[in-house]
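I opened this notebook to record a few lookups, moving from single residues to the core. The entries follow in the order in which I made them.

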Amino acid sequence: MKISLEKINAAFPALEKLAEREMSLDTSYKISKLIGLIKGELTEFEKASRKRAEALGLHVELPTDCTEDQKVRRRELLSGFSDEAANLLESTEIEIPDYSFELKDFGEAAIKPSALVGLGFLIRE
């Protein structure tokens, strides 16, 4: 299954929380595998983001005595960087195993509705 980095990024915290719960070996294995794949992709995205931010000079704080022009330039760089990162997250798709789960597969795990929204691509009714 192909899924955007944006969806994966949104789902990752919920997957990590889910992994803390007891469930069947099959479900645990699949969740662990997904977490490993996703963590690798997000790590690569973070490395690329950090490298780009450094290239733009965003990794250093502006001096306290900076000019208004420097502040404006920083805001422009930050805005451009944010747009670039958002576009990459939206447009990049990765391949993950085509797993799907029923809610009962997660055992007695308490799952908040907001987490289910992020995990919707994995849950079948």
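**Ser-4 and its surroundings**

I began with Ser-4, which counts as buried because its relative accessibility is 11%, under the 20% limit. I note at the outset that I am working with a predicted model. I then placed Ser-4 in the secondary structure and found this residue in strand β1, which spans residues 2–4. Following its side chain, I found that Ser-4 reaches the backbone nitrogen of Lys-7 at 3.1 Å. I next listed the contacts of Ser-4, setting aside neighbours within four places in sequence, and obtained Leu-89, Glu-90, Thr-92 and Glu-93.

**Ile-94**

I turned to Ile-94, which lies in strand β2, residues 93–95, and is buried with a relative accessible area of 7%. I looked up the C-alpha separation between Ile-94 and Ile-3, and it is 5.5 Å although the two are 91 residues apart along the chain. Not counting residues up to four places away in sequence, Ile-94 touches Met-1, Lys-2, Ile-3, Leu-5, Ile-8 and Glu-41.

**The nonpolar core**

Which residues have the most contacts inside the largest nonpolar core? I found a core of 25 residues, in which Ile-8, Leu-15, Ile-31, Leu-34, Ile-38, Phe-101 and Leu-119 have the most contacts. The helices α1 (5–19), α2 (25–55) and α3 (68–91) each supply at least two residues of this core, and the largest share, 7 residues, comes from α1. I closed with Leu-34, which touches Ile-96, Pro-97, Tyr-99, Phe-101 and Leu-122 when residues up to four places away in sequence are not counted.

Key
Residues are numbered from 1 along each chain as its sequence is written. This is a predicted model: local features need pLDDT of at least 70, side-chain atom pairs count only at pLDDT 80 or more; totals for chains, interfaces and linings use all residues. Side-chain values use heavy atoms; hydrogens and water are left out. Helices (H or I, at least four residues) and strands (E, at least two) are DSSP runs, numbered from the N terminus. Buried means under 20% relative accessible area, exposed over 50%, partly exposed in between (1.4 Å probe, protein chains only). Contact means heavy atoms within 4.5 Å. A nonpolar core is a set of buried Ala, Val, Leu, Ile, Met, Phe, Trp, Tyr and Cys residues joined through side-chain atoms within 4.5 Å. A polar contact is a pair of N or O atoms within 3.5 Å; within protein, one must be able to donate a hydrogen and the other to accept it, and residues adjacent in sequence count only if both atoms are side-chain atoms.
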